[in-house]
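Colleague: I'm new to this one, and I'd like to know where the labels come from. Can you take me through it?

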Amino acid sequence: VFYFVSPQVWAWRTGRVEQIKKYVRKMIVIFPFEQEFYRKHGVDVSYVGHPLAYEPLPEVNRPEFAAHYKLDGAKQWIALLPGSRRKEVRQNLPCLLDAAKLLTDQGGDYEFLLPVASTLDKEWVRYQLGPAYTKIRLTENAAATVMLSRAAVVASGTATVESALTGTPFVVVYKLSPLTWFLGRRLVSLDTFAMPNLIAGRKIVPELIQSNFTGPNVVAELNNIIPDSPARQQMQADLRQVREKLGDPSSKEEPAVRAAREILASLNPSQ
């Protein structure tokens, strides 16, 4: 068995690594910190880079993007990414809307953009927004939306990797039902949840999880990174390092090709 793209055994139920050690000949991973984890547990492992790091950034023109979605190009844009599943949106969206209202009440003149994931129906998202719909602009392309925004608030998950690759400063948020959080937290062995922080090996983007995820807390973190401040500059520098760790876009071999070579080399060690 050659396993390409590791299950998150490093995050929860780490005992599963013993099964992997028993049945998997080689683990081929897409995050650099996974390589160290498997080596520590005696599993043959190779790191080949993350596929998203080899995707070119969207070629978008801000004036055209603004015209297409009827946005005010003179304003700063704030991207809100509540998640790609209905349950996530229901849990995360209320606090995001609260943060947007608080920012506006503070005198901030922003446009708020919500890219709708391909897994969601746009009309359903509009319904979830309720009266706030008139103040939130729905878009389709998450990477382009975040890249053109001044800052973003992103639900924990793959979207945080995609957002990190754009270089736009952002805040990571997430909320579960109280029971799910109580039961799940006992199984998770991590002190940090955001992928950019795990990749960097330190906290480079703020995380607001569960009870810490409130509108006022989101606004407080955004107020640190929206202005041209040392905090914003540091985060931008840290995100560039994350991109470098995830792979070399100039390379002719993408992670899947490298994974195939790893497998062939293991099957034919004499070649």
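Modeller: Let's start with helix α7, residues 158-166. Its buried residues are T160, V161, S163, A164, L165 and T166. This is a predicted model, where local features need pLDDT of at least 70, side-chain atom pairs count only at pLDDT 80 or more, and totals for chains, interfaces and linings use all residues. Residues are numbered from 1 along each chain as its sequence is written, and side-chain values use heavy atoms, with hydrogens and water left out.

Colleague: What makes a stretch a helix here, and what makes a residue buried?

Modeller: Helices are DSSP runs of H or I with at least four residues, strands are E runs of at least two, and both are numbered from the N terminus. Buried means under 20% relative accessible area, exposed means over 50%, and partly exposed is in between, using a 1.4 Å probe and protein chains only.

Colleague: What covers the buried residues of α7?

Modeller: The cover includes β4, α6 (142-148), β7 (151-155), β8 (170-174), α9 (195-200) and α11 (230-246). Contact, by the way, means heavy atoms within 4.5 Å. After α7 comes G167, with a positive phi near 85 degrees.

Colleague: Which residues other than glycine have a positive phi?

Modeller: K70 is one of them, with phi near 55 degrees, and for Q210 phi is also near 55 degrees. Most residues other than glycine have a negative phi. K70 sits in the loop between α3 (62-68) and β4 (76-81), while Q210 lies in the loop between β9 (207-209) and α10.

Colleague: Why is K70 called exposed or buried, and what about Q210?

Modeller: Put the values against the cut-offs. K70 has 65% relative accessibility, so K70 counts as exposed. Q210 has 12%, so Q210 counts as buried.

Colleague: And P32, which class does that get, and why?

Modeller: P32 has a relative accessible area of 21%, so P32 is partly exposed. The residue belongs to helix α2 (residues 32-40). Leaving aside neighbours within four places in sequence, P32 is in contact with Y47, I199, K245 and L246. The C-alpha atoms of P32 and H50 are 9.0 Å apart, though the two are 18 residues apart along the chain.

Colleague: How do you know whether T139 is buried or exposed?

Modeller: T139, in strand β6 (residues 136-139), has 0% relative accessibility, so T139 counts as buried. Not counting residues up to four places away in sequence, T139 touches F65, Y69, L113, L114, P115, V116 and T145.

Colleague: How many aromatic pairs are there, and what makes a pair?

Modeller: A search of the whole structure finds 5. Rings of Phe, Tyr and Trp (its six-membered ring) pair if their centres lie within 6.5 Å; planes under 30 degrees apart count as stacked, over 60 as edge-to-face and the rest as tilted. F31 and F33 have ring centres 5.6 Å apart and planes at 20 degrees, so that pair is stacked. Both F31 and F33 are buried.

Colleague: What class does the pair F37 and Y38 get, and why?

Modeller: The centres are 5.2 Å apart and the planes are at 80 degrees, so F37 and Y38 are edge-to-face. F37 is buried at 11% relative accessible area, and Y38 is buried at 0%. Elsewhere, ring pairs link F65, Y69 and W77 into a cluster.

Colleague: Now the helix packing. At what angle do α4 and α10 pack, and why does that make α4 oblique to α10?

Modeller: Helix α4 (residues 86-105) and helix α10 (residues 215-225) pack at about 55 degrees, with axes 8 Å apart. That makes α4 oblique to α10, because angles under 35 degrees count as roughly parallel, over 145 as roughly antiparallel, 65 to 115 as roughly perpendicular and the rest as oblique. Axes are lines fitted to C-alpha atoms, for helices over the stretch in contact, and angles run from 0 to 180 degrees between N-to-C directions.

Colleague: Which residues meet there?

Modeller: C95, D98, A99, L102 and L103 in α4 meet G215, P216, V218, V219, L222 and N223 in α10. By class, this contact has 8 nonpolar, 2 polar and 1 charged residues. Ala, Val, Leu, Ile, Met, Phe, Trp, Tyr, Cys and Pro count as nonpolar, Asp, Glu, Lys and Arg as charged, and the others, Gly among them, as polar.
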